[in-house]
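Subject: Structure handover

Hello,

Here is the structure for you to look over. My notes on it follow below.

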Amino acid sequence: MGNPWIAIGALVVVSIVIPLSMVMVSALLRPSVPEQGKTAVYESGEVPTGDTRIRFNIQYYMVALLFVIFDIETVLIFPWTVIYRDAVQQFGMTQALVPMLVFIGVLVVGLAWAWRNGAVRWVKSTRARETAGSTK
């Protein structure tokens, strides 16, 4: 038998050559008919209105980021709760509980920091403020 790295190298070469050759062949065979409709913005068959560049509020991304962080926290805490009783029997209450309390403490400090800096405060739009002002 030969060197097993030869087979891996051949596989790498084939995995690079086949996609590149397919892209080159399709570029040579496809029809090239430039027209204005191909470069237009497509919005589900509707005529686009307004500018396509919309400024989004950063608050959406902050809320999504905080959601991901605390969702991962839940994923990490759940298995710990499943093995907690066995861990207490094997290692004792202090060694089983302190690491999780430190973990939750770090997350609480992070949440307090985000709250203090306004990351969880929702910003009302001008339309919502106008509506709230007219109902008073």
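**What was found**

Leaving aside residues up to four places away in sequence, Glu-73 touches Phe-103 and Leu-107. Glu-73 itself sits in helix α3, which covers residues 58-91. Please keep in mind that this is a predicted model.

Glu-73 is the residue I would look at before the rest. Its side chain is buried but has no salt bridge. The nearest side chain of opposite charge belongs to Arg-116, and that is 19 Å away. For a salt bridge, a side-chain nitrogen of Lys or Arg has to be within 4 Å of a carboxyl oxygen of Asp or Glu, so a pair at that distance does not count.

Now the chain as a whole. It has 5 helices and 0 strands, giving the pattern α-α-α-α-α when read along the sequence. Of the 136 residues, 8% are buried, and Glu-73 belongs to that group. The exposed area of the chain is about 12400 Å², with 68% of it supplied by carbon and sulfur atoms. Taking contacts between residues at least 6 apart in sequence, 66% join residues at least 24 apart.

On the surface there is a nonpolar patch of about 530 Å². Its members are Trp-5, Ile-8, Val-12, Ile-16 and Leu-20. Trp-5 is placed in helix α1, residues 4-29. Trp-5 has a relative accessible area of 62% and therefore counts as exposed, since the cut-off for that class is over 50%.

Another exposed residue is Arg-121, because its relative accessibility is 57%. Arg-121 lies in the loop between α4 (93-116) and α5. In sequence, Arg-121 and Gln-59 are 62 residues apart, yet their C-alpha atoms are 8.3 Å apart in space.

How far should the coordinates be trusted? The average pLDDT for the chain is 82, and 87% of the residues score at least 70. Which helix has the highest confidence, and which the lowest? Helix α1 is highest at a mean of 94, while helix α5 (residues 126-134) is lowest at 69. Predicted coordinates should not be read in detail where pLDDT is low. The patch residue Trp-5 is in helix α1, the helix with the highest confidence. The loop that holds Arg-121 leads from α4 to α5, and α5 is the helix with the lowest confidence.

Regards

Note on methods
Residues are numbered from 1 along each chain as its sequence is written. This is a predicted model: local features need pLDDT of at least 70, side-chain atom pairs count only at pLDDT 80 or more; totals for chains, interfaces and linings use all residues. Side-chain values use heavy atoms; hydrogens and water are left out. Patches are made of residues with over 30% relative accessible area and no salt bridge: like charges are joined within 9 Å, nonpolar side chains (Val, Leu, Ile, Met, Phe, Trp, Tyr) within 5 Å. Accessible areas come from the Shrake-Rupley method with a 1.4 Å probe; for residues, only the protein chains shown count as cover. Helices (H or I, at least four residues) and strands (E, at least two) are DSSP runs, numbered from the N terminus. Buried means under 20% relative accessible area, exposed over 50%, partly exposed in between (1.4 Å probe, protein chains only). Lys and Arg count as positive and Asp and Glu as negative; His and the chain ends are not counted. Contact means heavy atoms within 4.5 Å. pLDDT is the predictor's confidence in each residue, from 0 to 100.
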